[in-house]
Amino acid sequence: MVAALLALVFTIAAVEWSRVDRLAGALPGSGTTSTVWMLIGSDSREFAPEEGDKKFGSTEEVPGERGDVVLLLRIDPEGTVQTLGIPRDLLVIRPGRGEGRLGLFFSDGIAAMSEGLCHSLGIGIDHVAVVHFDGLAGLVDRVGGVQVQSESILRDLSAGLVMKAGQSELQGDQALAYIRARHLESFKNGEWTIEPELSEQRSERAFTVLRGIGSRLEFSPTSPIASVGTAHAIIAAISLSDEVGPLDAIELGKALRSIEGDRSTLPSERPKLGTAAQDVPMLVPTADSLKAAHEFVGGPSTTCTQPLDN
């Protein structure tokens, strides 16, 4: 009986693994004993639900796929996990291709984003996972919701988000709205106040949701039906780079479950380009950017070209 059950579980796992969407693109590798993952939150309108198209723009109005959230995970051999948020609007350079904002390079593929990080910051990437926002909502529902904290009442009328002050348990649609909110307002001193629109804050919100999902992910060989349902939800939410194997994916799942505390963000600043350019959503590395990047990976990656000295 036990052997038959295990055989069933492994068969189901193999079938589910074969359904994982794959991403082509050569990655430089970290060149260290640790494993560096790049997690990308995709805001492609192709993956947005119909209701979201009205709020965030259709595929005709906003073509292509963008990296809305970029989060790096470093998993050490002993299992410890470090995280580093990279602003999507960070200006990076691809060898022979010029400069551009990191998130926009995603339309050229995961290799383009990896090249930008490698050349500009000396961070080599081993594996990539792309999280699609509409699938993320289903995954949140599958794990029973995620908990988030807010210092005040929040709303975003265009995204359909309303949150109470304190701790909230968000289900899929609200978790999605929480991540994608662009016009947040907080209720303070008896009135609604518009919150600054910062990509770093969206990245922090996405990190909170991912960490909440990871803390509740469960697989059990004694509950194959429930495990299959969870696997379906994960597969609907993610794409993986070609070289990722089952053990790599298991390692990532364990890492997401073990993340504790806040994550750090790569230092950056607005460019000093004159008044007309201040509305451009762009950030540039600071003198501390390379230091923070090298601390994250344990030194410049030997697989990368010489990073820029900013």
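Here are three short exercises on this predicted model.

**Exercise 1. Buried salt bridge**

Task: Work out which parts of the chain the salt bridge between D68 and R182 ties together, and whether each partner is buried or exposed.

Solution:
- Start with the contact itself: the two side chains, D68 and R182, meet at 3.3 Å, N to O.
- Next, place them. D68 sits in strand β3 (residues 67-75), while R182 is in the loop between α5 (172-180) and β12 (185-188), so the pair ties together parts 114 residues apart in sequence.
- Now check burial, which means under 20% relative accessible area. D68 comes in at 1%, so it counts as buried. R182 has 15%, so it counts as buried too.
- Finally, zoom out: D68 and R182 belong to a salt-bridge network that also links R88, D89 and R101.

**Exercise 2. Two strands, one bridge**

Task: Find which strands the R155 and E185 salt bridge joins.

Solution:
- The R155 and E185 side chains meet at 3.0 Å, N to O.
- R155 lies in strand β9 (residues 153-156) and E185 in strand β12, so the bridge ties together parts 30 residues apart in sequence.
- As for E185, its relative accessible area is 16%, so it is buried.

**Exercise 3. A nonpolar patch**

Task: Say which residues form a nonpolar patch with W192, and how W192 is classed by accessibility.

Solution:
- W192 shares the surface patch with I153 and F187; together they have about 230 Å² of accessible area.
- W192 itself is in strand β13 (residues 191-194).
- Its relative accessibility is 32%, so W192 counts as partly exposed.

Key: Residues numbered from 1 in each chain as written. Predicted model: local features only at pLDDT ≥ 70, side-chain atom pairs only at ≥ 80, totals over all residues. Heavy atoms only, no water. Patch = residues over 30% accessible without salt bridge, like charges linked within 9 Å, V, L, I, M, F, W, Y side chains within 5 Å. Areas by Shrake-Rupley, 256 points an atom, 1.4 Å probe, with all protein chains shown as cover. Salt bridge = Lys/Arg side-chain N within 4 Å of Asp/Glu carboxyl O. Helix = DSSP H or I, 4+ residues; strand = E, 2+ residues; numbered from the N terminus. Buried < 20%, exposed > 50% of the residue type's maximum accessible area, 1.4 Å probe, protein only.
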